[in-house]
Structures are given as structure tokens and as C-alpha cells.
Amino acid sequence: MDNCIFCKIVEKQIPATILYEDDELMAFNDINPAAPVHFLIIPKKHLSSLADAKAEDAVLLGKMLELAPKLAAQQGCAYTEHADGSKSGGFKTVVNTGPNGGQIVYHLHMHVIGGTKL
């Protein structure tokens, strides 16, 4: 997509603080963070929104969900269940879809937010 800001980040036409990159996914810090830890995970393949994902995108979506806790832990937001049954840490994942869902950039992206009790 010619005017997609996230496609331009994938193509390295716009700078970003990249936390992770492979052949299919990229993760980078949000430029307007809502918490001490706030990064985005995007597919390199342009999908306008979650509503545009098809059955063939299921593996890609699963990879996004699998990557979230790994990167959250690297950023200091690991979720931990302790031996005594107590729990600590954690993060929130958000996928905004469409105007009523709060989507601003029309390239599928998952927000991973943590660092404070949300």
C-alpha cells in the first residue's frame, strides 16, 4: 500500500525502534505510548484490519499472539504464576478494528501494553 505508514516502516522508509523482525512479522515501539511498555506487532503482509483476515492468515495471526508474551517478557512485563499460587506482572493485548473499534492506522496491528497495572 503506497500510503500505509506501517508498510513504510516495514520497507525501512520511516524509522522505528524495532524490537523484533522476521520474514513475516515486525514489532516496534508505539510512537505515542499509553504505558511504560507499549509496542506494536504487525504482519509484514498488508492486511487492512482483523476483519480482512482470511483462513489462510490463521497461522500468521497465531504467530502474532505467540510473539506477544515473549516480547512483553523481554520488555519487563512477564506474566508469572508463583509456586504459592500468587501471580505477578502481565500485559494487555489490543487489536482495534474499524472506526468504531478505534482503529486509526489501517494495517492490522496488535498493541502490547504493560508496565503498570492496567
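1. A residue is called buried when its relative accessible area is under 20%, exposed when that area is over 50%, and partly exposed in between (1.4 Å probe, protein chains only). In α2, the buried residues are Leu 60, Met 64, Leu 67, Ala 68, Leu 71 and Ala 72. An α-helix has 3.6 residues a turn, so residues three or four places apart point the same way.

2. The model is predicted: local features need pLDDT of at least 70 and side-chain atom pairs pLDDT 80 or more, while totals for chains, interfaces and linings use all residues. Residues are numbered from 1 along each chain as its sequence is written, and side-chain values use heavy atoms, without hydrogens and water.

3. Helices (H or I, at least four residues) and strands (E, at least two) are DSSP runs, numbered from the N terminus. Helix α2 covers residues 58–74; its 17 residues should span 24 Å (1.5 Å times one less than the number of residues), and its end C-alpha atoms are 25 Å apart, which agrees.

4. A kink of about 25° lies at Ala 68 in α2, shortly before Pro 69; this bend is the angle between axes fitted to the seven residues ending there and the seven starting there. After α2 comes Gly 76, with a positive phi near 95°.

5. Which strands do the buried residues of α2 pack against? They pack against β1 (18–21), β2, β3, β6 (91–94) and β7 (110–114), where contact means heavy atoms within 4.5 Å.
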